[in-house]
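Trainee: Could you walk me through this one? I'd like to start with the pockets and then get to the salt bridges.

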Amino acid sequence: MTSLSNPFDFRHAGRDLRAGIVVFFVAIPLCLGIAIASGAPPISGLIAGMVGGLVISLASGSQLSVSGPAAGLTVIVLAAIEEFGYGGLLFATLLAGALQMLFGVLRFGGIGAFVPSGVIKGMLAAIGLILIATQIPLALGHGAQTEASLADPQALFAQTSPLAVLITVCGLALLLLFETRWVRQRPWLRIIPAPLLVVAFGIALSTGASLAGSSLALDAARHVQLPGLEGPVSFFETLRLPDFSHWMTPGIYLTAVTIALVASLETLLSIEAVDDMDPLGRTSPPNRELRAQGLGNMVSGFIGGLPITAVIVRSSANVQFGGRTRLSSFIHGVLLTASVAFLAFALEQIPLACLAAILLHTGYKLARPALVMAQYRRGWQRFIPFVVTIGAILVTDLLAGVLVGMLCATCFLVRANYRSALSFTRSGDHALLRLNTEVSFLNRQELRSHLAGVPEGGTLIIDASATRFMDADIREDIDRFIESAGARAITVELNHYEGVSATYPDPARLRQVGNASAATA
């Protein structure tokens with residue numbers, strides 16, 4: 001067991017050290033790439049990675065999850081920076097962290113179970129498509145500050161760099177190769193993580209072209225830029241505070257709520273997935289994790305970092321390379337801090353095309369065709385909310401798109417419950433009305449139609465033996481029908497209706513049912 005005074009279990013220190021080093025190499029390109037894709041300074045992604053390792057690992061109850069900047073938040077971050085500036089984003093991140101801590105205190109850790117799977121997968125697929133669209137300019141050799149986009153093909157292909165395209169294509173080929181069965185069957189090939197190979201390959205090509213004096217060499221604008229980082233002192237000078245002047249801006253609070261909800265949802269989904277991979281079979285406490293993530297986002301927002309979530313790519317790498325406790329995540333945070341403080345010059349040798357390849361691959365995995373087909377095979381009730389969520393996010397924004405998707409899924413749920421709440425069978429002048437588990441006011445018109453179909457002089461059996469909930473409006477219509485049944489010579493047989501099984505009309509019993517219904521209402 002661990003405690004706040006002794007947060008780490010050193011029984012697996014050797015495994016955790018090895019896993020922490022691997023996760024560090026995986027995290028560097030992802031932290032940088034996500035920051036650039038979000039329109040934020042590259043250092044902000046590294047700061048978020050440091051906080052995820054150094055702060056969240058101390059407070060978290062999840063032994064194997066690794067936290068840092070997430071691709072799932074790039075859309076929100078990009079929009080926030082465009083509307084409020086980078087200082088405004090930091091303020092929104094600080095507020096989002098406070099909200100997450102509140103979610104944890106209020107025990108909202110089960111919130112993920114209330115979001116339909118089709119909507120979640122639609123959200124992730126839409127993020128993947130947006131990620132692909134934003135990385136294509138970098139893959140073609142445009143700098144991080146480019147305004148080229150898919151909307152302007154002429155500008156997009158006007159200044160294409162052949163070397164950047166080559167680095168991107170080879171990087172994607174490496175990443176795809178490492179997902180094939182051939183590589184999975186040869187564990188020795190996976191000793192070095194694929195993203196690190198992509199970065200090393202890109203640096204080698206870029207450096208070789210520069211040393212050879214080739215006209216194809218990439219300039220500084222096509223590499224990672226960390227201006228002013230020359231040592232630990234300069235690193236502390238780059239830290240930025242939030243712009244607290246936005247406290248009077250209403251939109252900043254909506255952005256904070258969006259970040260808090262999406263980050264919490266992604267975190268809960270990630271720790272659930274990581275728990276399934278845990279070789280020791282442990283379960284992470286979701287409410288504690290929300291509090292830990294909230295603390296991390298407050299710290300990250302206060303010192304200039306991006307919003308943070310538990311992230312599945314780094315967490316799965318942690319598991320695959322032998323991580324057993326939170327110590328591996330902490331080690332990766334220490335190594336990130338050391339690299340930024342002392343090795344910034346080495347990070348600036350990374351071509352942006354390397355990061356574009358990694359994020360294009362990430363976007364593809366989020367929106368891969370196999371995912372679309374899997375949703376389609378599970379039926380329209382899953383597929384239509386999935387597609388609607390994607391379309392709504394692409395047309396509007398992330399939060400509005402998710403809400404539209406949930407509304408669509410709710411409509412399917414209401415329709416399914418509406419159709420299964422009642423069943424009516426008629427044979428000659430005998431009819432059976434079966435009330436299933438839950439019958440609400442939504443079924444009132446259908447009930448009236450069935451009751452009107454009972455012929456005069458016939459017999460109606462009302463079976464409520466399986467009913468757990470019955471709306472007062474439904475009881476009212478059934479009681480009214482029972483009261484008027486005698487006038488139409490209709491015999492009504494009740495089976496466990498409001499605790500009564502009887503045959504009507506019978507004036508004495510009818511009064512008993514009426515009194516029982518009134519008392520229940």
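Mentor: Sure, and keep in mind that this is a predicted model. Let's begin with the second largest pocket, which has a volume of about 750 Å³.

Trainee: Which residues lie closest to the centre of that second largest pocket?

Mentor: Its lining is made up of 32 residues. They divide into 19 nonpolar, 10 polar and three charged. Closest to the centre are Ile36, Gly39, Ala40, Ala144 and Gln145.

Trainee: And which helix gives the most to the lining of the second largest pocket?

Mentor: H1, helix H2 (42–59), H3 and H4 each supply at least two residues of that lining. With five residues, the one that gives the most is H4.

Trainee: What about the largest pocket: which element gives the most to its lining?

Mentor: The largest pocket has a volume of about 1400 Å³. Elements with two or more residues in its lining include helix H1 (13–37), helix H4 (117–139) and helix H12 (312–320). Ile312, Val313, Ser316, Lys365 and Leu366 lie nearest the centre. Giving six residues, the top contributor to the lining is H12.

Trainee: How do the residues of the lining of the largest pocket divide by type?

Mentor: The lining has 42 residues. They split into 27 nonpolar, seven polar and eight charged.

Trainee: On to salt bridges. Is Asp278 buried or exposed?

Mentor: Asp278 forms a salt bridge with Arg282, with the closest N and O atoms 2.9 Å apart. Arg282 counts as partly exposed at 25% relative accessibility. The cut-off for buried is under 20% relative accessible area. Asp278 has 8%, so Asp278 is buried.

Trainee: How many residues apart in sequence are the parts that Asp463 and Arg434 tie together?

Mentor: These two form a salt bridge, the closest N and O atoms being 3.5 Å apart. Asp463 lies in strand S6 (residues 459–463) and Arg434 in strand S4 (residues 430–435), so the parts they tie together are apart in sequence by 29 residues.

Trainee: Which residues are in the network with Arg444 and Asp473?

Mentor: Arg444 and Asp473 meet in a salt bridge through their side chains, at 3.8 Å from N to O. Arg444 is in helix H19 (residues 444–452) and Asp473 in helix H20 (residues 472–485). Salt bridges with shared partners join these two into one network with Arg448, Glu476, Asp477 and Arg480.

Methods: Residues numbered from 1 in each chain as written. Predicted model: local features only at pLDDT ≥ 70, side-chain atom pairs only at ≥ 80, totals over all residues. Heavy atoms only, no water. 1 Å grid on protein atoms, 1.4 Å probe; cavity = no way out; pocket = protein on both sides within 12 Å on 5 of 7 lines; lining within 4 Å. Points joined across faces, edges and corners; volume = space filled by probe spheres on them. Helix = DSSP H or I, 4+ residues; strand = E, 2+ residues; numbered from the N terminus. Nonpolar A, V, L, I, M, F, W, Y, C, P; charged D, E, K, R; others polar. Salt bridge = Lys/Arg side-chain N within 4 Å of Asp/Glu carboxyl O. Buried < 20%, exposed > 50% of the residue type's maximum accessible area, 1.4 Å probe, protein only.
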